[in-house]
Amino acid sequence: MEIIKYTEEHNIFREAARRFLAKEITPYVDEWEEAGIVPRSAWQKMGGQGFLCMSVPEEYGGLGADFLYSVILTEEMTRTNHCGLAASLHSDVVVPYITAYASEELKHKYLPGCVSGDIITAVAMTEPNAGSDLASMRTTAVEDGDQVIINGQKTFISNGQNCDLLVLAAKDPSAESPHHGLNLYLVEAGTPGFEKGKKIKKVGWHSQDTSELYFTDCRVPTANRLGQKGGGFYMLMEKLQQERLVCAIGAQAAAERCLEMTIPYCQERKAFGKPISKFQHNQFTIVEMATEIKLGRAFLEKLILAHMAGENVVVDVSMAKYWTTDMAMRVADRCVQLHGGYGYCEEYPIARAWRDIRVMSIFAGTNEIMKTVAAKFMGL
Ligand SMILES: Cc1cc2nc3c(=O)[nH]c(=O)nc-3n(C[C@H](O)[C@H](O)[C@H](O)COP(=O)(O)OP(=O)(O)OC[C@H]3O[C@@H](n4cnc5c(N)ncnc54)[C@H](O)[C@@H]3O)c2cc1C
């Protein structure tokens, strides 16, 4: 059942990405998981081969490629079985804010480095007391002539240690409502008053440098504001759709990889004199997982095409984000069970996949928030 019609160029890109990742990324993943961070050189290798920010227009150093290249790369990255090198976050979530809303001068200044991997980006919305409820954010940005003064704290920021450039959400304390007072600013690492805090110890995503960030009288040019003053909330609502879609694509691909690694295991592992795949319960488990995966893929591919066509996909994206991430967790959990004790051992890739998938229902808007968004847009 083919819904997306990939071209020959797409297929060549997929093959090239798969070969590159198998040679340059996968062999180093255990080392990076141990170190708790991915070296910058890996980002530069990705960029050097054209695997970052493919959608950035050619005039800023990108390929001007369609969204299917991002889909392919997100899917192929799941084969590396790690989440440290958050290429999709950089290419398909953070950099699109710059491409869409930064001034020409800032685009020329930053985008070529984002494409080459010399500039690693992050987006900072979440605070210790404001996650789902972004409107209650406390970080302030006060515009004072040609400078803006930022004070506050962010947490759970992916690429927090490695980042060179931040898309920061902060509120204007003088605005009449939190929604109208939200702004996005580009903040460079190394700006006085911007400190990278501790790397957060997490249950999974061990090679991802998720961190706390601090701002104390941090001054950046007012020209670093993205879009119109007070337009931050609108920009987030618009760009969060692609973030959630990318999350769903990652979850779908992760579920597929889990099943891919589990079926051969079940066919080889013997108990009571026969492969465990011959027990009817295990067959039913595998068939049920394969069915959910097929349902997810059909829904997702249709949604990817609708997103590319510029349709309003808020309801379907919210549904896809919550359903695929829940489905991926169900699949990973059942796959661990089918591996028996080995499924709980670091040597077996299913163990890492299981713990890394868990967070997908929490970030990019929790799955509960996805249902509240869908309910609102369904007029309930
Ligand atoms: C590994 C990781 C990476 C992350 N990367 C980033 C990043 O790069 N940038 C960034 O800005 N943030 C990032 N986050 C933060 C993430 O987006 C937040 O954790 C998430 O939005 C939830 O916010 P919270 O943790 O404050 O939970 P809370 O908002 O406190 O929610 C707690 C629980 O209450 C539920 N809840 C809250 N409100 C409602 C409601 N109205 N109705 C029903 N249930 C509700 C939630 O669904 C959840 O189950 C990351 C988080 C993690 C763990």
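Here are four short exercises on this structure, each with a worked solution.

Before you start: this is a predicted model, where local features need pLDDT of at least 70 and side-chain atom pairs count only at pLDDT 80 or more, while totals for chains, interfaces and linings use all residues. Residues are numbered from 1 along each chain as its sequence is written, and side-chain values use heavy atoms, with hydrogens and water left out.

**Exercise 1. The ligand's surroundings**

Find out how many residues surround the ligand, and which polar atoms lie by it.

Step 1. Take every residue with a heavy atom within 4 Å of the ligand, which is what "near" means here. You get 17 residues, and the closest are T126, S132, F156, T366 and E368.

Step 2. Sort the shell by class: ten residues are nonpolar, five polar and two charged. For this sorting, Ala, Val, Leu, Ile, Met, Phe, Trp, Tyr, Cys and Pro count as nonpolar, Asp, Glu, Lys and Arg as charged, and the others, Gly among them, as polar.

Step 3. Ask where the shell comes from. β1 (121–124), β3 (147–157) and α11 (367–377) each supply at least two of its residues. Helices (H or I, at least four residues) and strands (E, at least two) are DSSP runs, numbered from the N terminus.

Step 4. Look at the N and O atoms. A ligand nitrogen sits 2.9 Å from a backbone N or O atom of V123, and a ligand oxygen is 2.8 Å from a polar backbone atom of M125. T126 joins in with its side chain, where an N or O atom is 2.7 Å from a ligand nitrogen. The ligand alone exposes 980 Å², and the protein buries 64% of that (Shrake-Rupley method, 1.4 Å probe; for residues, only the protein chains shown count as cover).

**Exercise 2. Cysteines without partners**

Work out why C247 and C258 form no disulfide.

Step 1. Recall that a disulfide is a covalent bond between the sulfur atoms of two cysteines. The cut-off is a pair of cysteine sulfur atoms within 2.5 Å.

Step 2. Check C247: its closest cysteine sulfur, in C83, is 10 Å away, so that's too far for a bond.

Step 3. Check C258: the closest cysteine sulfur belongs to C335, and at 5.3 Å it is too far as well.

Step 4. Zoom out: a search of the whole structure turns up zero disulfides.

**Exercise 3. Buried or exposed?**

Decide whether M77 and A223 are buried or exposed.

Step 1. Set the limits: buried means under 20% relative accessible area, exposed over 50%, and partly exposed in between (1.4 Å probe, protein chains only).

Step 2. M77, in helix α4 (residues 67–77), has a value of 8%, so M77 is buried. Leaving out neighbours within four places in sequence, M77 is in contact with L21, M46, H82 and L85 (contact means heavy atoms within 4.5 Å).

Step 3. A223 lies in the loop between β7 (211–221) and β8 (225–226). With 56%, A223 is exposed.

**Exercise 4. The links of N367**

Find which side chains make polar contacts with the side chain of N367.

Step 1. Locate N367: it belongs to helix α11 and is buried at 2%.

Step 2. Apply the test for a polar contact: a pair of N or O atoms within 3.5 Å; within protein, one must be able to donate a hydrogen and the other to accept it, and residues adjacent in sequence count only if both atoms are side-chain atoms.

Step 3. The side chain of T325 passes at 2.9 Å, and the side chain of D326 also passes, at 2.9 Å.
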